[in-house]
Amino acid sequence: MLQIAEIIKKHCISYLKINNIEDIVIESVRFTVDINKDIDRGDLYTNFALVSSKILKQDPTAIAVNLAQYLDKELDKNIFKKIEAIDNYVNFYLVDEFVSEDSENIYHKDFDSKKIAYEYTDPNPMKEFHIGHLMSNTIGETLSRIAQMAGADIKRYSYQGDAGRHLAVTMWGLRFMETPWPDADNISITDKVKFLGQAYVMGNKKLSESKEKGEDSDEYKQYMQEIEVMNQKIYDRSDEEVNIIYDQGREWSLEKFEELYNILGTKFDYYFFESKSAPVGLQIVKDDLEKENSIFAKGDNDTVIFKGEDHGLHTRVFVTSKGIPTYEAKEIGLAKIKYDVWNFDKSIVITANEQNEVFKVTNKVISLLIPDIGPKMSHISHGMMRFVGEKMSSRTGKVIAGDELVEDMMNASYEKMKDRDMEEGDKKQISQDVAVAAIKFSILKQNFKKDIIFDKEKSLSLEGDSGPYIQYAVVRINSILKKTEGLEIAKTERELSKETENLNRTLWRYNHMCFKAIDEMAPQYIAQYLIDLASRFNTFYNKNKIIEGDKVDKGLLELCVKTKDILTRGLDTLGIRVVERM
RNA sequence: GCCAUUAUAGUUCAAUGGAUAGAACAGUCCCGUCCUAAGGGAUAGAUGUAGGUUCGAUUCCUACUAGUGGCACCA
């Protein structure tokens, strides 16, 4: 909680004490001191009167009045301008000059000095980087930055599936491709990766077409067999020809991912691969299986399974009938590898919510097998991204790739500024940052646990609550600052306008909203706040002249600078860049 | 079928058990340029259904309805 709110709380508690309420009872009084949503009703409020009316055996309205009188005497007049009781609430008005203790870090007991690993994005080489990865990246990036702000020591992890059946499908699907293997200098990395993505789609298509002919058909059986063989070859690297193609494809994919991370603004500390976690996980499972009281069991066809039902979960396969470790077994190996690299206090994996059940099982298994690490593992999930105007479904094959979405938005953004008098490189860079802001903000302005309906037009629009709307507020301030260069900056003696006062009173709320975002792991508090701040700035700007002739109002100019600072820091916490111009 | 999760204006989203349920877009009506991808103001409009707990429920509980995800060798 913010210091100012703590001060009020402390005095509320002493109010209970002077009313002869016992300490044990006081602890049970769950009142809050929070920011007033309606700024006209004051800066802070407390619901103390409502919550304590039973204990004080008094009408809440009377308590509110008494409390307000009491606090008016106790609290520092240099901070509190006015304290008033209205209905059942007590409202607090801070003095105009109030500035909160402004620090980059906001202490929180769950984060301060804790070592926390954030694993997110997790794309798979030789497969498309899809919008799910984009979401995971956006959310993981901001959560890690929020943790940093809260005082945590963090590392960013990315885990990439460079082994597994999906790769076998891609490699197997290559034979059906009409275009040749794009191993040439004049083919861009994007097109090379696109080719691989197409091979994966092709492989899946051929397989499902064949499945429709009947699961007993010779063709389907043959295809399944071939994919199985390919999977084995990738796993044990027994076929030199396969190795060459595989290594090349993997390298292209990773290069492409790196390019995307640059655009998105993520820098990972460690990369992990399934090809590394698989043998480690497999060994751990095998070793445990040999024990008398193993948590694993033999399933159908010689599989190794974990019977989750005993723990209120469901059964999952850890090793396939062919002896290959599944995602679940790899997850065990990964936990060990991650912890060996950096002894974290907590490891958080961010994925779409379709994986909720898997993580419940794997985290349980890890806890049983490696008690030192298991309890430190946690999973945060997010909803799926859908698009306005179209029912997206993976079944119909209409899936939009993440990098295509970014590119698409970049082009749309570029289109809007193509006539500006600017260097080409700047235009490209700006349209890129704006596009990323548009996408990220759409995701972060709402509760990420729910599905997100992405609207391309609205997310880029400067009307309404969008990332670019906030970026634009910063740009507007920049252009004011530029205009003031060389002009006379002087204090003016005049009463503050209502808009000026409101903007000023909104600024210190940033820390408070950050605290809430940290406390609830909810970046939307910051996003919503930034919209509010940008909007208040625009209202202020509309009504107040900062520059009159060749004179600049010093007070208003400083307010602009402060606003810009908070907007910039807020966007940065969301993993969004500000731009100089637009 | 079982488990999880969601349901708030026409649409897309907010709201630690408490004040008059906040925005944005679309609609209607104004103002406007120190910002030019300008922007701002006003106006109208919502808690899926039925119960329960509570002084008080959008928020907690139960049932129902509807949507989404998951439920053994994909990740």
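**View 1. Domain 2 and domain 3 of chain A have centres 35 Å apart, taken over C-alpha atoms.** This is a predicted model, in which local features need pLDDT of at least 70 and side-chain atom pairs count only at pLDDT 80 or more, while totals for chains, interfaces and linings use all residues. Residues are numbered from 1 along each chain as its sequence is written, and chains are lettered from A and ligands numbered from 1 in the order in which they are written. Chain A is split into domain 1 (3–94), domain 2 (116–275 + 342–381) and domain 3 (402–573); the bounds come from an automatic or database domain assignment. Domain 2 and domain 3 each put 18 residues into their contact. Two residues are in contact if their C-beta atoms, placed from the backbone, lie within 7 Å. On the side of domain 2 that touches domain 3, α5 (131–149) and α9 (240–264) each supply at least two residues. The largest share of that side, eleven residues, is from α5. By class, the side holds twelve nonpolar, five polar and one charged residues. Ala, Val, Leu, Ile, Met, Phe, Trp, Tyr, Cys and Pro count as nonpolar, Asp, Glu, Lys and Arg as charged, and the others, Gly among them, as polar.

**View 2. The largest nonpolar core has 113 residues.** A nonpolar core is a set of buried Ala, Val, Leu, Ile, Met, Phe, Trp, Tyr and Cys residues joined through C-beta atoms within 7 Å. Tyr 118, Val 285, Ile 439, Leu 530, Ala 534 and Leu 567 touch the most other members. Helix α14 (residues 424–444) gives the most to this core, ten residues. The core lies between domain 2 and domain 3, because both give residues to it. Leaving aside neighbours within four places in sequence, Tyr 118 contacts Gly 140, Leu 143, Ser 144, Ile 154, Arg 156, Tyr 157, Ile 348 and Ile 350. Another core, of 19 residues, lies apart; Tyr 45, Phe 48, Ala 49 and Leu 71 are among them.

**View 3. Strand β5 (residues 115–119) is largely enclosed by the rest of the structure, because four of its five residues are buried.** A residue is buried if 20 or more other C-beta atoms lie within 10 Å of its own, exposed if 12 or fewer, and partly exposed in between, with C-beta atoms placed from the backbone. β5 pairs with strand β6 (residues 153–160) in the parallel sense, over five bridges. Strands pair if DSSP finds at least two bridges between them. Lys 115 stands opposite Asp 153 in β6. Helices (H or I, at least four residues) and strands (E, at least two) are DSSP runs, numbered from the N terminus.

**View 4. The surface near RNA strand B includes 71 residues.** A residue is near the strand if its C-beta atom, placed from the backbone, lies within 6 Å of it. Gly 299, Thr 320, Gln 446, Leu 462 and Gly 464 come nearest. α19 gives the most to this surface, with seven residues. By class, there are 21 nonpolar, 31 polar and 19 charged residues.

**View 5. Lys 57 and Met 521 are loop residues with positive phi.** Lys 57 is not a glycine, yet its phi is about 50 degrees. Lys 57 sits in the loop between α3 (48–56) and α4 (60–74). Lys 57 counts as exposed because it has 8 C-beta neighbours inside 10 Å. Phi of Met 521 is likewise near 50 degrees. Its loop runs between α18 (509–520) and α19 (524–543). Met 521 has 15 C-beta neighbours inside 10 Å, so it counts as partly exposed.
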